[in-house]
Amino acid sequence: MGALMMVAAGSVFVVKDAVMGYATRNVKQEDLIVPAAEQQGRHVTISGAKNILLMGIDPRPGQDPSEAIRSDSIIILHIPAGHDSGYLVSIPRDTWVKIPRFDNGKNRYPGGHDKINGAFAIGGLGTTGKEQRKFGVTLLADTIEENWGITFDAAAIIDFTGFQNVVNVLGGVDMYVDQEVKSVHIGHNAKGETKVPYIQRDNGRGGTDLIPISGVTPQMYHVGFQHLEPWQALDYVRQRETLPNSDYDRQRHQQQFIKALFKQILSKDVLTDPGKLKKVLDVIGQSMTIDSGGIGLDDWIFAMKGISGDNLLTVKTNNGTFYSSSENPGAEALDPTTLELLASIKANSVEDFMAQHTSLISS
């Protein structure tokens, strides 16, 4: 019996290692931020609370690889020390911040003030590929630390165009559309042909004017639970120009999209289908670039196994509305409650803070 148990236990570990090996080797890993041990002055370990910097980019098709890319989405994923829940906190892309001086070897930035989504672009100026990603994320992380004292244990760049491939493999995504959304990117004419419904022009006031194109009806997304096809899901999470709270509504929809994908990937239909699981792991690896902070991905996976879609909470900053900057009227600031939220992330006391501010959790 002892021998049989040893054989059985050994086979379980072989299977576990094979699955982990396959999953982790399909994920693109790069150095994106200063190693955690150097940044935080301690031995790297999976224990304790963790902060992960998530960045969403949406480069234009055929874009010059040397051209600066701004980060459309900036999300702090905070995981308390118990590793049984997670909080997704978006930083508004137009937040006016102090960006520290930075030298990437090709471009020297003297330091100054800009919208936070400019930090990634400034960090990567004059570079391409891996260097652009590394220096861009490093300056973004430095900017967040400079303004709010938060440091990061890991980071990931999410390519939203690449995520369409994830949704393709899943056959679409099931999610709740929480408001009427009109697309500025996709419409249809009387023949059913797909056309762009608006001409977009910078109005010189920090916004965009939308000029309807005659004969083209914009794609609409109506309130309610529904199944979104891959092209619909990506189009839906890109919209902000027609929404009442602009980027805040888009932030919320992107958080909901990530959460819906997470739940679907962890569903029985995927986990019990080896062929589908393999395809999902392949395309996720192509859609994300990860810096694990010197901690093995297998350690991350096992440590965070208690976090499911139901206890991954999306948190509203500025209570989901525009909060004007007194320093730059065309930009935003963070309201006092959001500053308290970020202070609780720094102090690893988010659970206590959220217990007192439950209205900030997006439904």
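In this predicted model, three strands form an open sheet in the order β12-β11-β15, with antiparallel pairing. In general, the strands of a sheet are held to one another through backbone hydrogen bonds, and the pairing can be parallel or antiparallel. The edges of this sheet are β12 (194-195) and β15 (217-221), each of which pairs on one side only. Strand β11, spanning residues 181-188, runs antiparallel to β12 and is joined to it by two bridges. A good place to look for this pairing is G187, whose bridge partner in β12 is K195.

Turning to the helices, α6 (residues 230-238) meets α7 (residues 247-265): their axes come within 8 Å and cross at roughly 145°. On the α6 side, the contact is made by A233, Y236, V237 and R238, while α7 contributes R250, H253, Q254, Q256 and F257. By character, the residues of this contact comprise four nonpolar, three polar and two charged.

Two of these names, Y236 and F257, return in the interior of the model. The largest nonpolar core has 43 residues, and the members touching the most others are V166, V173, Y236, F257 and L261. Helix α7 supplies the largest share of this core, with five residues. Such a grouping fits a broader pattern: in soluble globular proteins, nonpolar side chains tend to be buried together. For a closer view, L261 can be followed to its contacts beyond four places in sequence, which are F163, V166, V167, L170 and V173. A second core, separate from this one, holds 39 residues, including I122, F152, I157 and L360.

Note on methods. Residues are numbered from 1 along each chain as its sequence is written. This is a predicted model: local features need pLDDT of at least 70, side-chain atom pairs count only at pLDDT 80 or more; totals for chains, interfaces and linings use all residues. Side-chain values use heavy atoms; hydrogens and water are left out. Axes are lines fitted to C-alpha atoms, for helices over the stretch in contact, and angles run from 0 to 180 degrees between N-to-C directions. Helices (H or I, at least four residues) and strands (E, at least two) are DSSP runs, numbered from the N terminus. Contact means heavy atoms within 4.5 Å. Ala, Val, Leu, Ile, Met, Phe, Trp, Tyr, Cys and Pro count as nonpolar, Asp, Glu, Lys and Arg as charged, and the others, Gly among them, as polar. A nonpolar core is a set of buried Ala, Val, Leu, Ile, Met, Phe, Trp, Tyr and Cys residues joined through side-chain atoms within 4.5 Å. Buried means under 20% relative accessible area, exposed over 50%, partly exposed in between (1.4 Å probe, protein chains only). Two strands pair if DSSP finds at least two bridges between them.
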